[in-house]
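Student: Hi! I have a new structure to get to know today. Could you walk me through it?

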Amino acid sequence: MRAVQIADRWHRRTPADDDAQPCRCGTSAYPYPSADHNAEQRWAVRWRDPEGKQRKKLFKRKPDAQRYAAELKSSMDDGSYIAPADQRVTFREVAERWQQAAGVQHRPATAANVERALKNHILPAFADREIGAIRKADVQAWVTDRAAVLQPSTLEVVYGTLRSVFAWAVGEYISASPCDARGRADRIRLPRKADKEIVPLSAEQVGALLDAAPARYRAAVLLAAAAGLRQGELFGLEPGHIRDGEIDVRQQVVVVDGKGVHIAPVKSSSSRRVVPVPQAVTDAVRAHLKAFPARAQVLTDTTSGSPRERRVRLLFTTESGEPVQRSPWARVWRKMAAEANVPAGTTLHTLRHTYASLLIKHGESVKVVQKRLGHASAAVTLDTYSHLWPDSDSTTRLAVEQGLGALLQGTSQGTSAEENRSNEG
């Protein structure tokens, strides 16, 4: 008996009774109608699984049965066979198991983002679907649907969660992820993100923001421009992180859904860094602390991997002494930006871009800019700021002339002599 067989359920080799006659849709090998004749699903794929159990799956069309049989045979040959019962587990169940398995690696903010992505965008489409029945076309249709309500950058993050669930399920519930591609032609196509060129602020515009900032946030604006900190890093600073001429970036403030403000690790291992700054900047921060002493408060700290309660003294807080969160800060910033008359769309993150532009303008290499900003790779730095690096035709010419000067001069002289001989002739 072959490992995988395709059987016609409508017909049999011998008559079921003495009066049975061959039917028109039969074959010479199986001419007689069976008790299942005219059943909706005519074709059966039968096989024994690796444990020796007899299995079958029914199909309406023979090409579908043949395709499934070929895939099944291939998976049994290469060891990637998944039992049908496992493939029938719902996407929701698999996603929950993935969350439990991956949760130990997720920071609180990441876990909250994953939960939102699943709840708001992924589970409404796939929750009750059998995970083995979800195809690439289904994922592409979902991407197209979500593209109508999400920005391309947001959709890319949400899709990353969906792809992670499928990747985790491979080998246990599915033999291959519908998000995987064999080549460019069959890859899932996400909407392109619009190219957005970074336009840094001028020194005068930064000065206008400093003048417009409330006194308790003036040093924060200065630090954002002079050290290029992310918002969470800036508002996660404590007095001990400020040293003469440098800022120690080791934590950030995050808001976890339903659990309030936490002290969390920075974005990545490369984001933990010491940023050199002019002495005047750390002097300004110390002056800020004299005017607005840091108040102790108990917050959950997850920087060590395990949540623990500890007394935290944040450098910048609200007037009531609370950690600075995104929404309240946005209201403060809008008022500042309007008073400073900076370009529309300017945010605190724009000061980070301004800091990067200063480093580039004054000749810092890609690797140094990457290190100062805490980027995971130089590729990220170049993707964001490549247009700010100088691209001078004259500098290119000068570099070649200096490197190949003697050779170029000899070639030029030889060409001139050849031209003279030609003219004389």
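**A first walk through the model**

Tutor: Let's start with one pair: His 262 stands opposite Thr 300 in β11. Strands here are DSSP runs of E with at least two residues, helices are runs of H or I with at least four residues, and both are numbered from the N terminus. This is a predicted model, where local features need pLDDT of at least 70 and side-chain atom pairs count only at pLDDT 80 or more, while totals for chains, interfaces and linings use all residues. Residues are numbered from 1 along each chain as its sequence is written, and side-chain values use heavy atoms, with hydrogens and water left out.

Student: In what sense do β9 and β11 pair, and over how many bridges?

Tutor: β9 and strand β11 (residues 296-301) are paired in the parallel sense, over two bridges. Two strands count as a pair if DSSP finds at least two bridges between them.

Student: Which strand do five bridges join to β9?

Tutor: That is strand β8 (residues 252-256), and β8 and β9 run antiparallel. Val 253 has Ile 263 as its bridge partner in β9.

Student: Is strand β9 mostly covered or mostly uncovered?

Tutor: Mostly covered: four of the five residues in β9 (residues 260-264) are buried. Buried means under 20% relative accessible area, exposed means over 50%, and partly exposed lies in between, with a 1.4 Å probe and protein chains only.

Student: New topic. What is the order of the strands in the open sheet that includes β4?

Tutor: The order is β1-β4-β5, three strands with antiparallel pairing. β1 (4-8) and β5 are at the edges with a single partner strand each, so each has one side without a neighbour in the sheet. From one strand to the next, the twist averages 25°. α1 packs on this sheet and touches β1, β4 and β5, and its direction makes about 10° with that of β4. For such angles, axes are lines fitted to C-alpha atoms, for helices over the stretch in contact, and the angles run from 0 to 180 degrees between N-to-C directions.

Student: How many bridges hold each pairing there?

Tutor: β1 pairs with strand β4 (residues 43-48) over five bridges, and six bridges join β4 to β5. In the β1 pairing, Ile 6 stands opposite Val 45 in β4. On the β5 side, Ala 44 faces Leu 58.

Student: What lies between β4 and β5?

Tutor: They form a hairpin with five residues between them, and Gly 52 in the turn has a positive phi of about 90°.

Student: Which strands make up the open sheet with β7 in it?

Tutor: β6, β7 and β10 do, in the order β6-β7-β10, and their pairing is antiparallel. The edges are β6 (242-243) and β10 (273-276), each with a single partner strand, so one side of each has no neighbour in the sheet. Two bridges join β6 to strand β7 (residues 246-249), and Arg 243 stands opposite Glu 246 in β7.

Student: Let's do pockets. How much space lies in the second largest pocket?

Tutor: About 1100 Å³. A pocket is an open set of points on a 1 Å grid over the protein atoms alone, where a 1.4 Å probe fits, with protein on both sides within 12 Å along at least five of seven lines; lining residues have an atom within 4 Å of a point. Grid points are joined across faces, edges and corners, and the volume is the space filled by probe spheres set on them.

Student: Which element gives the most to the lining of the second largest pocket?

Tutor: α1 does, with eight residues. The lining has 38 residues in total, and those nearest the centre are Glu 71, Gln 87, Gly 132, Arg 135 and Ser 175.

Student: Last one: is Ala 376 buried or exposed?

Tutor: Ala 376 counts as exposed because its relative accessibility is 61%. Its place is in the loop between α13 (366-373) and α14 (378-385).

Student: And is Thr 317 buried or exposed?

Tutor: Thr 317 is buried, with a relative accessible area of 10%. Thr 317 lies in the loop between β12 (308-313) and α11 (326-340).

Note on methods: Contact = heavy atoms within 4.5 Å.
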